[in-house]
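Colleague: I would like a close look at the side-chain contacts in this model, beginning with the aromatic rings. Please take me through them slowly, in connected prose.

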Amino acid sequence: MKRIGMLTSGGDCQALNAAMRGVVKGLSENVDELEIYGFLNGYKGLIYGDYRLLTSADFSGILTKGGTILGSSRQPFKQMRVPDANGLDKVEAMKSTYYKLRLDCLVILGGNGTEKTANLLREEGLNVIHLPKTIDNDIYGTDVTFGFQSAINIATDAIDCIHTTAASHNRVFIVEVMGHKVGWLTLYAGVAGGADIILLPEIPYDIEKVIAAINKRTKAGKGFTILAVAEGAISKEDAALSKKEYKEKVAKRKYPSVSYEIADRIFEETGVEVRVTVPGHTQRGGSPCPYDRVLCTRLGSAAAQAVMDEDYGNMIAMINGKTKRVPLGEVAGRLKTVDPDCQMIKEAKRIGISFGD
Ligand code: F6P
């Protein structure tokens with residue numbers, strides 16, 4: 001008999017359902033009796049005892065379904081030790097739900113913040129298993145997170161569509177790709193979509209270098225330029241500010257996002273028309289791509305095996321094509337960023353892509 005709790009927390013992505021299906025199928029095929037408690041809307045469900053007793057049938061037919069059948073919400077890690085508006089101790093409340101339901105373990109699907117709380121629950125003595133989800137691909141200790149490849153497809157499609165219209169006009173186009181802290185998604189979608197300039201949070205840009213790259217293309221007779229800009233792209237001047245100063249500056253910024261600021265600067269200095277496209281949350285929507293379906297089926301199945309082995313306190317990672325149990329204590333709170341000197345960036349630069357540095 002196994003009693004497992006499951007929740008999806010943080011920003012959603014395409015393959016959450018596929019991953020849960022993998023876990024449940026892996027268990028129901030191999031365990032005689034199984035009780036699955038699905039907590040609704042992330043940690044909120046665990047805190048406030050909002051759950052549904054589910055059966056394996058609930059996880060059938062969801063491999064291709066985007067979103068999450070359990071719902072999700074953002075419950076910042078920093079607030080976990082802060083009592084709620086009614087003075088409720090959230091950590092104690094989560095423990096109490098867990099013990100009341102006599103769970104063997106919690107399978108927690110989420111990104112970095114979610115992982116930190118999963119680790120906190122581990123430190124508090126609960127059995128947890130974490131599955132690494134995020135379109136940002138920034139979870140330390142796994143080569144890839146689910147959602148990432150599906151989001152690359154969508155962001156690349158956006159750049160592809162811009163390409164055809166860009167070729168008809170002499171304009172500069174900016175496609176703003178998700179990723180506040182890291183630029184994996186922008187880097188991959190930018191290269192896949194043939195962007196001419198790629199701006200990442202990890203490589204602060206010099207606007208003059210960006211403009212020089214545009215001018216170089218114009219001189220070479222190229223009628224248009226496409227920029228893939230991460231939400232968190234940052235200028236060299238802004239990168240030199242303290243965190244506090246930068247936050248204050250962004251709060252006062254007249255632009256909705258960095259892309260519009262870059263667009264204005266380009267227009268001021270070149271006089272060329274600039275258009276900004278923000279695919280936004282479409283990048284997290286729709287069906288998971290085949291790569292993510294396979295990844296999640298494997299991660300989910302590996303999580304089921306960890307439950308059966310009663311081996312807890314780990315993230316199930318994908319490393320060099322193999323699933324691996326990685327201790328949460330070693331990875332929680334660490335961010336996987338793009339190394340500005342990595343081979344991929346060097347290769348991209350070699351073919352003429354500018355990173356604005
Ligand atoms: O963490 C995933 C992510 O999609 C980021 O890429 C993006 O910056 C953020 O979430 C958006 O968050 P929200 O859905 O809360 O607006």
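Modeller: What follows starts with the aromatic rings and then turns to backbone angles, salt bridges and charged surface residues. Please keep in mind throughout that this is a predicted model.

A search of the whole structure finds 4 aromatic pairs. One of them joins Tyr 37 and Tyr 51, whose ring centres are 5.7 Å apart and whose planes stand at 75 degrees, so this pair is edge-to-face, given that planes over 60 degrees apart are counted that way. Tyr 37 belongs to strand β2 (residues 34-39) and Tyr 51 to strand β3 (residues 51-54), so the pair ties together parts that are 14 residues apart in sequence. Tyr 37 has a relative accessible area of 9% and is buried, because buried means under 20%, whereas Tyr 51, at 28% relative accessibility, counts as partly exposed. Another edge-to-face pair is made by Tyr 98 and Tyr 99, with ring centres 5.3 Å apart and planes at 90 degrees. Here Tyr 98 is buried, with a relative accessible area of 4%, while Tyr 99 is partly exposed at 47%. Returning to the strands, ring pairs also link Tyr 37 and Tyr 51 with Phe 39 into a cluster.

The backbone deserves attention as well. Asn 41, found in the loop between β2 and α2 (43-47), has a positive phi of about 60 degrees although it is not a glycine. The relative accessible area of Asn 41 is 32%, so this residue is partly exposed. Glu 310 also has a positive phi without being a glycine, with a value near 55 degrees, and it is found in the loop between α11 (290-308) and β10 (314-319). With a relative accessible area of 53%, Glu 310 is exposed, because the exposed class begins over 50%.

We can now turn to charged side chains, among which the count comes to 18 salt bridges. In one of these, Glu 248 is joined to Lys 244, with the closest N and O atoms 3.5 Å apart. Glu 248 and Lys 244 are 4 residues apart in helix α9, and so they are separated by about one helical turn. Glu 248 is partly exposed at 40% relative accessibility, and Lys 244, at 61%, counts as exposed. Another salt bridge connects Glu 261 with Arg 253, again with the closest N and O atoms 3.5 Å apart, and Arg 253 counts as partly exposed at 21% relative accessibility. Glu 273 and Arg 275 also meet through their side chains in a salt bridge, at 2.9 Å from N to O. Both of these partners are partly exposed, Glu 273 at 37% relative accessibility and Arg 275 with a relative accessible area of 33%. Beyond such pairs, Arg 81, Glu 92, Lys 95 and Glu 124 are joined into one network by salt bridges that share partners.

Finally, some charged residues form a surface patch. The members of this positive patch are Lys 78, Lys 116, Lys 181, Lys 243 and Lys 247. Lys 243 lies in helix α9, which covers residues 243-252, and at 75% relative accessibility Lys 243 counts as exposed. Helix α9 therefore holds Lys 243 of the positive patch as well as the partners Glu 248 and Lys 244 described above.

Methods. Residues numbered from 1 in each chain as written. Predicted model: local features only at pLDDT ≥ 70, side-chain atom pairs only at ≥ 80, totals over all residues. Heavy atoms only, no water. Patch = residues over 30% accessible without salt bridge, like charges linked within 9 Å, V, L, I, M, F, W, Y side chains within 5 Å. Areas by Shrake-Rupley, 256 points an atom, 1.4 Å probe, with all protein chains shown as cover. Salt bridge = Lys/Arg side-chain N within 4 Å of Asp/Glu carboxyl O. Lys, Arg positive; Asp, Glu negative; His and termini not counted. Charge placed at Lys NZ, Arg CZ, Asp CG, Glu CD. Helix = DSSP H or I, 4+ residues; strand = E, 2+ residues; numbered from the N terminus. Buried < 20%, exposed > 50% of the residue type's maximum accessible area, 1.4 Å probe, protein only. Phe/Tyr/Trp six-rings, centres within 6.5 Å; stacked < 30°, edge-to-face > 60°.
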